[in-house]
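Here is an informal tour for anyone meeting this protein model for the first time. Have the sequence and the 3D view open side by side while you read.

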Amino acid sequence: MKYIVCEKPGSFKLKEKSKPLKAAGEAILSIKKIGICGTDLHAFKGNQAFFTYPRILGHELAAEVIEIGENDQNIKVGDKVIVMPYISCGNCIACRNGKTNCCTNIKVFGVHIDGGMQEQISVPVNLLIPAKKLSYAEMAIAEPLAIGAHAIGRAQIQPNEYIVIIGCGPIGIGIMKLAQIAGAKVIAMDIDAGRLNYAKDKIGVDHTVIAGESAADIIAQLTKGEMATAVFDATGNKEALENGINYMANGGRYILVGLSKGKIEFEHPAIHAKETTIICSRNATLEDFETVISILEKGEFPVDSYITHNVGFSEMIHQFDNWLDPGNGVIKATVNF
Ligand SMILES: NC(=O)c1ccc[n+]([C@@H]2O[C@H](COP(=O)([O-])OP(=O)(O)OC[C@H]3O[C@@H](n4cnc5c(N)ncnc54)[C@H](O)[C@@H]3O)[C@@H](O)[C@H]2O)c1
Ligand SMILES: [Zn+2]
Ligand SMILES: [Zn+2]
């Protein structure tokens, strides 16, 4: 069977190997469509921290079951499944507390172990989520949306509260739609006018604000001086992360979803006076995927405009460079098998 491996930064190779054999407790899946994520783009560029090569990338997986044993979920050959791509140990303190998303031994498909850029893959049955009613396109975007669902759950969004979401990439956009569904009044912020337009036109956020010196004043006007009771960072950008606190109301929550590699600094009085609750949000759980599946089933997410690029398996190698440039209007690229 065919697979694509990232041999070293900047180099993909299309290769052949034998089909996987089903191990105990696992199922063999035929990959149908995968979503390309910032992690894949960074791994290809060579600036993903702690990444080792060669690696088969891909963790946003829409698949069909082609071999499976008896299982509690009653998943059968021919069923459409989404893969929850985080393998957790089940024994550590986080797992025992139900926080499998931040397992101390977590292994993510396409990051720590080989992922889905291959025709077939063997996956533990407990990571399969049946998605009978969804299209492969909807299934392939469930993972990035589940990241958003997890952040919304962490934030405990309340109806009618003002929230600011900084970063209108695929992650921020997912949070915006899910926050809206939870009843929040959403203010989207970015430095990129095109992405803000997307948030306004396709997600229908209440307000858009260009990041910069006057952003805090604009948010003060929009919220009648009260500021936002929850602020999300979905940029991972140091400057954005450090500024986010300025848009937050006293008693508010600051939810960090974006990943920054280095230190971020806050003036202690600035966070203390507001009695800031800083909440990090990492990966997602089964419940988050289920939330997303239900939203996708109801047609509440603009899947068609979110997937801006879609190509075939062998074409991907030639297109990947284009997806690194936000100037090409890419939000989510997907690859068909
Ligand atoms: N928590 C998790 O488990 C998890 C999972 C996936 C991704 N992430 C992280 O979430 C972040 C967003 O991912 P993405 O794929 O949407 O990224 P992306 O790069 O596509 O989008 C980031 C957006 O932030 C904007 N931005 C950059 N600097 C800014 C600034 N100073 N002010 C305002 N906006 C700014 C960019 O213009 C862009 O639109 C990344 O840091 C990614 O690593 C976290
Ligand atoms: Zn992803
Ligand atoms: Zn664990």
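What follows goes through the domains, the metal site, the aromatic rings and a few backbone details.

One thing to keep in mind from the start: this is a predicted model.

**Domains**

Let's begin with the overall layout. The domain assignment splits the protein chain into domain 1, made of 2–141 + 301–336, and domain 2, covering 146–280. Put a point at the C-alpha centre of each, and domain 1 and domain 2 turn out to be 28 Å apart. The two do touch: twelve residues of domain 1 are in contact with twelve residues of domain 2.

**The zinc site**

Which residues hold the zinc ion (ligand 3)? Its protein donors are the SG atoms of Cys89, Cys92, Cys95 and Cys103, which lie 2.3 to 2.4 Å from the ion. Along the sequence, the donor residues of the zinc ion (ligand 3) follow the spacing C-x2-C-x2-C-x7-C. The angles among the four donor atoms run from 102 to 119 degrees, and the site is tetrahedral. As for exposure, Cys92 and Cys95 are both buried.

**Aromatic rings**

Now for the rings. The structure holds nine aromatic pairs. One of them joins Phe12 and Phe44: the ring centres are 4.7 Å apart and the planes sit at 10 degrees, so this pair is stacked. Phe12 belongs to strand E2 (residues 11–16) and Phe44 to helix H1 (residues 38–45), so the pair links distant parts of the chain, 32 residues apart. Phe12 and Phe44 are each buried.

Phe12 has another partner. Its ring and that of Phe320 have centres 4.8 Å apart and planes at 80 degrees, so this pair is edge-to-face. Phe12 is in strand E2 and Phe320 is in helix H12 (residues 316–323), so this pair ties together parts 308 residues apart in sequence. Is Phe320 buried or exposed? Its relative accessibility is 0%, so Phe320 counts as buried. Phe12, at 9% relative accessibility, counts as buried too. Taken together, ring pairs link Phe12, Phe44, Phe320 and Trp323 into a cluster.

Rings can also have a charge over their face, and here are two lysines placed that way.

| Lysine | Ring below it | Distance from ring centre |
|---|---|---|
| Lys17 | Tyr3 | 4.8 Å |
| Lys80 | Tyr136 | 5.0 Å |

**Backbone details**

Last stop: the backbone. Most residues other than glycine have a negative phi, and most peptide bonds are trans. With that in mind, a few spots deserve a look.

The peptide bond from Tyr53 to Pro54 is cis, with omega near -5 degrees. You'll find Pro54 in the loop between H1 and strand E4 (60–67).

Gln156 has a positive phi, near 50 degrees, in a residue other than glycine. Look for Gln156 in the loop between helix H4 (142–155) and strand E10 (162–166). Gln156 has 54% relative accessibility, so it counts as exposed.

Met227 also has a positive phi, near 70 degrees. Where does Met227 sit? It's in the loop between helix H7 (215–222) and strand E13 (228–233). With 14% relative accessibility, under the 20% cut-off, Met227 counts as buried.

Notes: Residues are numbered from 1 along each chain as its sequence is written. Chains are lettered from A and ligands numbered from 1 in the order in which they are written. This is a predicted model: local features need pLDDT of at least 70, side-chain atom pairs count only at pLDDT 80 or more; totals for chains, interfaces and linings use all residues. Side-chain values use heavy atoms; hydrogens and water are left out. Rings of Phe, Tyr and Trp (its six-membered ring) pair if their centres lie within 6.5 Å; planes under 30 degrees apart count as stacked, over 60 as edge-to-face and the rest as tilted. Helices (H or I, at least four residues) and strands (E, at least two) are DSSP runs, numbered from the N terminus. Buried means under 20% relative accessible area, exposed over 50%, partly exposed in between (1.4 Å probe, protein chains only). A charge sits over a ring if NZ of Lys or CZ of Arg is within 6 Å of the ring centre and within 35 degrees of the ring normal. Donors are N, O and S atoms within 2.8 Å of the metal (3.2 Å for Na, K and Ca); water is not among the atoms, so sites may look incomplete. Four donors count as tetrahedral if all angles lie between 85 and 135 degrees; four count as square planar and six as octahedral if opposite donors are over 155 degrees apart and all others between 65 and 115; anything else is irregular. Domain bounds come from an automatic or database domain assignment. Contact means heavy atoms within 4.5 Å.
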